[in-house]
Amino acid sequence: MTLNLIARNLQILKNIEASFNENRTVWLAQDTKHNRIVVLREYRFVGCEQAEEVEKTVKTCYNQRLRLQHPGIPRCYGYFLHLEPGREDIGSYLIMEEYKPGQSFEKGFHLTLPQLHSIIVQVLEILVYGQSLNPPCFHNSLNAGDIVIHHLSDQTIKVSMLNIGLPDREMGEEVDNAEVWGYDLARLGSIVLKVLSGNVTSQILSIENHFGETIKHFNPQFLQRIYQLSGQGSLPRFYNAAEAHSSFVNILPITPLKPIKFIPIPSLIMLAVVSVLFFGMFFANTDLMLIDNYLSKQIPGMQSLLHILHRFQWYTEHLKNVSCVPLSFAFACETSTVLPAVERMAFNAVLCLEMILVWCGIAAMIFGCFTGAILAGITGGILLIALGTLWFTHYILFFTLKAILAIALASSLIFLLIDCWSEMRQSSQVSHSHQSLSPCPRWFALSMLLSTYQAGAAFFELMVWFLIGQHVSTFLIILYLVTLTSWLVWLLEPEMTYQKDRGQFDKAAALVLKG
């Protein structure tokens, strides 16, 4: 049976809902006067007595719907009477409502977990609104066909709830007055469980068997609240919609991806290099000069360089044994070691240079006294005499260079330790690859610095063992290799852990619920 409502500027398009009552029909119509799509809820009657009952029901429904002014609930435009031609006791009362575009759960769905979470929150918002009225308004028979999902162009979802506030929709079971506030919540929880299983018509008590390993990626709190919503969890059920909404709105359906620990790999590698030099200079038991033979054979030009260094050391040893002080113009000075003629000439040339420096210092002091620049003359003279003295020139210079090298290595090590610590402990930020970076815990940063130094020391010991074949026990070799390997694993562990978690997160985020 179709209605002819042309006289009321309404054109029936189709029947959109099968009613449990043969006298109830829901139509989709075109309102030509206002150029809009509307829903007509028809209540048929036969006879005057039935007409009075239907009129009372329609008015009650209309007044109830006027109270509901929520964007997720269809607005009620009014109602009117339509009689069969030539009959006064047969006809229909029709309530005209706003049409909400979309598709109900009963007709299929294609959702991700974040979208399902959004639907739950929006449905709870509507239930919160209804329960906040005075007197409160309950749905009483919420099912999958009453929740309409509309996918918007911006990838969001807008949810509408149908059939709320209808006086002829009664509860499917007897409940206590105290439980009426949670009745709609239990039905919503049952719907959500069915959606997660992919079948909104089946009876689902648990969803673990439907996802297998994938369920590990779900936020446990989200699943716990779904069971709590349906009344199947170990926790007590939500008392009302407001309590359920406040619980769901603050959680995510997927376990949030933890930010990656920030590891300054270039700085740590530099710290390891400096640790090699620092350990080799101050703490190693190996004579580094034993590596000379290996390096001179393997590196071109290294033998000539080492020869020059040895010759400089040789001259230094001879100069330490010189007892004379260059206060005369003698070009020869005896040493404790006989040198070849050419080398003796070069050796005496050095003594001549030092003698000149001493006499220039004496001249500077005398010149300063006669010219009035006493302080400058004496200072410059002392400096020149000191530079020309054998013990100062060689001993002080040698230990000064050694001290400078030691200070430079120690300062570099301390600077790199502080720099690496500050980088690993800096506040959260975002990397160039849009990864969320978090500061490392203190124990992790301290362990990383210690392992970096130990890796440098282990590398030095392995290098000496490999190059000169110094006897090292098998246990120590294994220990050094384990130290280096552990350090490399520590460097790469945050990135590997992040990539693993990222894969699980993407898998859960890409999960599509179909039904």
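Is asparagine 15 buried, partly exposed or exposed, and what is its relative accessibility? In this predicted model, asparagine 15 has a relative accessibility of 43% and therefore counts as partly exposed. The residue belongs to strand E1, which spans residues 10–18. Beyond its neighbours within four places in sequence, asparagine 15 is in contact with Thr25, Val26 and Trp27. Its C-alpha lies 6.2 Å from that of leucine 28, and the two residues are 13 residues apart in sequence.

The overall composition of the protein chain is as follows. It contains 14 helices and 13 strands. Of its 515 residues, 41% are buried. Among contacts with a separation of 6 or more, 66% are between residues 24 or more positions apart.

Two further asparagines were examined for their backbone angles. Asparagine 9, in the segment before E1, has a positive phi, near 60°, and is not a glycine. With a relative accessible area of 32%, asparagine 9 is partly exposed, because the buried class ends at 20% and the exposed class begins over 50%. Asparagine 35 also is not a glycine and has a positive phi, of about 55°. Asparagine 35 is placed in the loop between strand E2 (24–31) and strand E3 (36–46). Its relative accessibility is 66%, so asparagine 35 counts as exposed.

Histidine 82 is part of strand E4, residues 76–83. The relative accessibility of histidine 82 is 17%; the cut-off for a buried residue is under 20%, so histidine 82 is classed as buried. Leaving out residues up to four places away in sequence, histidine 82 touches Leu3, Asn4 and Leu5, together with Gly91, Ser92 and Leu94.

Two loops contain features of note. In the loop between H2 and strand E8 (147–151) lies proline 135. The peptide bond that joins asparagine 134 to proline 135 is cis, with omega about 0°. Asparagine 163 is located in the loop between strand E9 (157–161) and H3. Asparagine 163 has a relative accessibility of 3% and so counts as buried. The side chain of asparagine 163 makes a polar contact of 2.7 Å with the side chain of aspartate 146.

Helix packing was examined next. Two packed helices are described by the angle between their axes and by the distance between those axes. For H3 and H5, the axes come within 6 Å of each other and cross at roughly 130°. H3 and H5 are therefore oblique to each other. On the H3 side, the residues that meet H5 are Leu185, Ala186, Leu188, Gly189, Ser190, Val192, Leu193 and Leu196, and their partners in H5 are Ile226, Tyr227, Leu229 and Ser230. By class, this contact of H3 with H5 comprises nine nonpolar and three polar residues, with no charged residues.

Helix H5 (residues 220–230) also packs with helix H6 (residues 241–248): their axes come within 11 Å and cross at roughly 170°. The crossing angle makes H5 roughly antiparallel to H6, because angles over 145 degrees are assigned to that class. H5 contributes Phe222, Arg225, Ile226 and Leu229 to the contact, while H6 contributes Ala244, Ser247 and Phe248. The contact of H5 with H6 has five nonpolar residues, one polar residue and one charged residue. Ile226 and Leu229 of H5 thus appear in the contact with H6 and also in the contact with H3.

Within H6, the buried residues are Ala241, Ala244, His245, Ser247 and Phe248. Viewed down the helix axis, these buried residues fall within an arc of 165°, so they line one face of H6. An α-helix has 3.6 residues a turn, so residues three or four places apart point the same way. The buried residues of H6 pack against helix H2 (113–132), helix H3 (180–197) and H5. Ala244, Ser247 and Phe248 are among the buried residues of H6 and also take part in the contact with H5. At the N-terminal end of H6, asparagine 240 acts as a cap. A side-chain oxygen of asparagine 240 lies 3.4 Å from the backbone nitrogen of alanine 242.

Methods:
Residues are numbered from 1 along each chain as its sequence is written. This is a predicted model: local features need pLDDT of at least 70, side-chain atom pairs count only at pLDDT 80 or more; totals for chains, interfaces and linings use all residues. Side-chain values use heavy atoms; hydrogens and water are left out. Axes are lines fitted to C-alpha atoms, for helices over the stretch in contact, and angles run from 0 to 180 degrees between N-to-C directions. Helices (H or I, at least four residues) and strands (E, at least two) are DSSP runs, numbered from the N terminus. Angles under 35 degrees count as roughly parallel, over 145 as roughly antiparallel, 65 to 115 as roughly perpendicular and the rest as oblique. Contact means heavy atoms within 4.5 Å. Ala, Val, Leu, Ile, Met, Phe, Trp, Tyr, Cys and Pro count as nonpolar, Asp, Glu, Lys and Arg as charged, and the others, Gly among them, as polar. Buried means under 20% relative accessible area, exposed over 50%, partly exposed in between (1.4 Å probe, protein chains only). The arc is that of the directions from the helix axis to the C-beta atoms. A polar contact is a pair of N or O atoms within 3.5 Å; within protein, one must be able to donate a hydrogen and the other to accept it, and residues adjacent in sequence count only if both atoms are side-chain atoms.
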